[in-house]
Amino acid sequence: MSSSSNGPIPVTVITGFLGAGKTTLLNRILTEKHGKRIAVIENEFGEIGVDNQLVIQSDEEIFELNNGCICCRVRGDLIRILAKLQQRRDKFDSVLIETTGLADPGPVAQTFFTDEEVKEGFVLDGIVTVVDAKHVGLHFDDTREVREQIGFADVILLNKTDLVPPAELAKTEARIRKMNPFAKLHKTENAAIDLNKVLDIGGFDLKRALDLEPDFLKAAEDDYHHHEHEHDHEGHEHHDHEHEEEHDHHHDEDVTSVGITTPGDLDEKKLSDWLGTLLRTKGQDIFRMKGVLSVKGRDQRFVFQGVHMLMDGRPDRPWGKEPRHNALIFIGRNLDRKALNEGFLSCLA
Amino acid sequence: MSSPLRAIAFTWHTRLGDFVTDAAWSPSGDRLAVSSVSGEVAIYDATTGKAVHLFKEAHTDGCDALAWRPDGKALATAGRDGMWKLWDASEGKILAEHEAGALWAEYLAWSPRPVGEQGHLLAVAAGNKVTLWTEAGAPSSEAITFSRTVADLAWVLNGTAVAVATSTSVNLRDPETGKEERAFVSRDPILKMSFSPSGKWLMTGNQDCSVHVWNTDSGAEMHMRGYASKVRQLAWHRGSRWLAAGGGDVVSVWDCSGPGPSGRTPNLLEWHQDLVSALHYQPAGDWLASGARDGSVAIWSPTQRQSLISGAKISSGVTRVAWSPDGSRLAATGEEGEVQVLAVE
């Protein structure tokens with residue numbers, strides 16, 4: 001087989017609207033002394049030029065593997081380029097892919113889960129979304145791609161924080177959090193960030209997803225409680241204000257997250273039927289999902305993660321002394337919070 | 001599965017430093033040129049295997065393509081440094097070197113016959129640009145720019161047109177004016193293109209594991225689906241009747257006589273136990289060579305009942321198989337730099 005004896009090469013996708021700071025971040029990664037050999041695949045408008053680093057320009061050639069299925073859209077140009085990079089014995093330590101400002105991260109991510117040759121040599125490590133703290137407010141509502149890029153992210157750099165008053169920054173952060181509670185959010189100026197926080201983060205690795213668990217569970221619970229809160233205390237003044245804001249800015253198409261936490265054991269058959277139907281019918285609208293589940297009759301936790309209709313799930317470590325529970329989160333557009341909650345709860349044994 | 005009919009002789013063997021990207025016999029068959037992904041270019045004596053020239057750093061970051069000038073006196077190379085170079089094959093000197101228009105110069109092809117008054121022309125593809133050069137390595141015309149990255153390049157129709165494949169189409173261009181003469185638009189993304197020697201058939205291997213076929217006379221298009229992997233290998237028999245395709249562990253050989261392959265069942269050549277990664281028909285004979293990712297190399301006579309003539313193995317995945325012009329020797333190259341010359345006994 002191929003000369004590679006090491007594991008697959010981690011790939012980081014950098015997304016963000018025009019002017020958010022993607023190029024600044026890339027230049028930082030390339031020029032910092034980290035001893036890594038990095039290959040960059042930048043979009044056709046890219047402007048990175050660093051000596052002694054491989055920077056390949058590419059146009060985003062998207063095609064559908066199965067006719068008409070949005071979840072089978074992949075990047076043909078990446079498949080071609082990655083195949084060539086894989087030929088070398090002195091492999092790259094890491095690959096960075098910069099997308100155009102208006103790119104949908106779906107096809108990039110799906111390339112790493114559907115193409116057999118790509119899967120053999122590369123693993124998607126994380127999606128990093130750079131957000132312009134000063135201007136993102138303008139784009140939240142009128143630019144679908146900005147919401148999608150936030151929804152897909154494992155790491156969000158809320159950049160240019162120096163240009164925004166603290167109150168406005170807090171509002172922007174809250175809004176991002178609502179769309180995507182499981183991404184790690186870092187506030188940056190000039191995209192200055194410790195590289196360990198953007199590279200090699202294991203965003204799609206089920207094992208490593210456990211490292212993120214406390215935060216992720218907290219996010220999911222917060223979301224769930226918030227949901228309860230809406231129903232229980234509708235007359236509350238402060239809440240009314242928030243509610244109004246929601247009506248002003250959020251509409252049905254908005255990118256949002258739905259977190260569900262509940263004790264109890266799940267019926268395996270019901271769960272698999274429900275998830276199968278959900279992904280088949282709503283997979284187009286689900287950007288990311290992650291979860292830890294307690295399945296009746298199983299000693300081990302069941303962990304899963306997915307992108308659109310593509311899901312990866314398996315038994316993980318035994319529950320041991322930890323109380324058995326379920327925690328899962330969906331990020332996407334047009335998510336029906338009520339139907340997701342009811343559907344999931346109906347899977348309880 | 002059948003066992004081979006005839007033994008194979010390992011004529012000579014040598015090694016480059018990394019994955020062999022291309023191999024080409026000189027027109028007379030007395031030299032074999034080989035390139036690697038670490039940037040080496042070597043020219044070997046075809047009989048002894050002794051290196052006549054070894055350029056260790058012909059192209060920084062890798063050499064992807066080789067093409068002998070039709071007179072056999074010079075070798076063109078293209079690489080991941082964005083350059084193409086013309087080497088004097090006996091002196092080993094660089095006769096010309098030029099930027100090809102993008103970071104990766106990936107494809108090279110000499111016209112099989114002189115073009116107008118200009119002699120043979122060399123077509124070079126880098127990124128979305130195709131440039132044409134004279135035998136001396138001087139620019140022949142303006143670069144032709146495509147909307148997408150070039151995926152394959154060849155001279156067709158007796159050297160009267162340059163065929164350029166991108167992910168979405170195959171374009172025929174007039175080599176003197178650059179004008180588009182014909183375009184075949186593909187719905188599925190193209191990886192590899194091959195015209196039959198007669199020019200009647202155009203085949204493409206596509207990212208979605210299909211093969212498309214155009215009858216260039218009628219323009220009719222057919223799709224052949226169900227391949228187990230992407231089809232990156234296509235090889236024509238010199239008579240334009242048989243087309244061999246990779247895809248999975250099996251070589252499929254289609255009969256393209258008369259109305260073409262549509263509705264026919266291909267001969268399936270089964271012997272490899274890993275993905276087929278290289279194919280080549282003898283330039284003047286009927287044997288087909290195939291190589292696979294597990295290092296196996298097979299020689300077939302695809303139309304015979306007992307189709308497997310001979311089999312061998314090299315120590316890493318096969319990247320290229322190339323018959324010498326007279327078909328007496330086969331070069332097989334590997335992912336770890338192997339260069340093995342074989343002969344059927």
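Q: Which are the buried residues of α6(A)?

A: The buried residues of α6(A) are A:Val146, A:Arg147, A:Glu148, A:Gln149, A:Ile150, A:Gly151 and A:Phe152, and you should keep in mind from the start that this is a predicted model. An α-helix has 3.6 residues a turn, so residues three or four places apart point the same way. Here, 7 of the 9 residues of helix α6 (residues 144-152) of chain A are buried, so this helix is largely enclosed by the rest of the structure.

Q: How many residues does the largest nonpolar core have, and which have the most contacts inside it?

A: In soluble globular proteins, nonpolar side chains tend to be buried together. In this model the largest nonpolar core has 184 residues, and among those with the most contacts inside it are A:Val131, A:Leu157, B:Leu108 and B:Ala244. Strand β7 (residues 122-132) of chain A gives this core its largest share, 6 residues. Because domain 1 (9-204) and domain 2 (208-345) of chain A both contribute residues, the core lies between them. If you look around A:Leu157 and leave aside its neighbours within four places in sequence, you find it in contact with residues including A:Leu25, A:Val128, A:Val131, A:His186 and A:Ile193.

Q: What is the strand order of the open sheet of 4 strands in chain B?

A: Strands of a sheet pair through backbone hydrogen bonds, either parallel or antiparallel. The order in this sheet of chain B is β14-β15-β16-β17, and the pairing is antiparallel. At the edges stand β14 (150-156) and β17 (180-185) of chain B, each of which pairs on one side only. On average, neighbouring strands of the sheet are turned by 15° against each other, direction ignored. To follow one pairing, take strand β16 (residues 169-173) of chain B, which is joined to β17(B) in the antiparallel sense over 5 bridges, with B:Asn171 standing opposite B:Ala183 in β17(B).

Q: How many residues lie between the strands in the hairpin of β20(B) and β21(B)?

A: This hairpin has 5 residues between its strands, and B:Gly219 takes a positive phi near 80° in it. Strand β20 (residues 211-215) and strand β21 (residues 221-224) of chain B run antiparallel and are joined by 4 bridges, while B:Trp214 stands opposite B:Glu221 in β21(B).

Q: Is A:His308, which has a positive phi of about 50° although it is not a glycine, buried or exposed?

A: A residue counts as buried if 20 or more other C-beta atoms lie within 10 Å of its own. A:His308 has 26 such atoms within 10 Å, so it is buried, and its place is in the loop between β12 (300-307) and β13 (310-318) of chain A. A:Asn190 also has a positive phi of about 50° although it is not a glycine, but A:Asn190 is partly exposed, with 13 other C-beta atoms within 10 Å. You will find A:Asn190 in the loop between β9 (184-187) and α8 (206-209) of chain A.

Q: Where is the place of B:Tyr107, and which residues does B:Tyr107 touch?

A: In a regular strand the side chains alternate between the two faces of the sheet. B:Tyr107 belongs to strand β10 (residues 105-110) of chain B, and this tyrosine is buried, with 23 other C-beta atoms within 10 Å. Not counting residues up to four places away in sequence, B:Tyr107 touches B:Ala65, B:Ala78, B:Ala125, B:Val150, B:Asp152 and B:Leu153. B:Tyr107 and B:Ala126 are 19 residues apart in sequence, yet 7.1 Å apart in space from C-alpha to C-alpha.

Methods. Residues are numbered from 1 along each chain as its sequence is written. Chains are lettered from A and ligands numbered from 1 in the order in which they are written. This is a predicted model: local features need pLDDT of at least 70, side-chain atom pairs count only at pLDDT 80 or more; totals for chains, interfaces and linings use all residues. Two strands pair if DSSP finds at least two bridges between them. Helices (H or I, at least four residues) and strands (E, at least two) are DSSP runs, numbered from the N terminus. Axes are lines fitted to C-alpha atoms, for helices over the stretch in contact, and angles run from 0 to 180 degrees between N-to-C directions. A nonpolar core is a set of buried Ala, Val, Leu, Ile, Met, Phe, Trp, Tyr and Cys residues joined through C-beta atoms within 7 Å. A residue is buried if 20 or more other C-beta atoms lie within 10 Å of its own, exposed if 12 or fewer, and partly exposed in between; C-beta atoms are placed from the backbone. Domain bounds come from an automatic or database domain assignment. Two residues are in contact if their C-beta atoms, placed from the backbone, lie within 7 Å.
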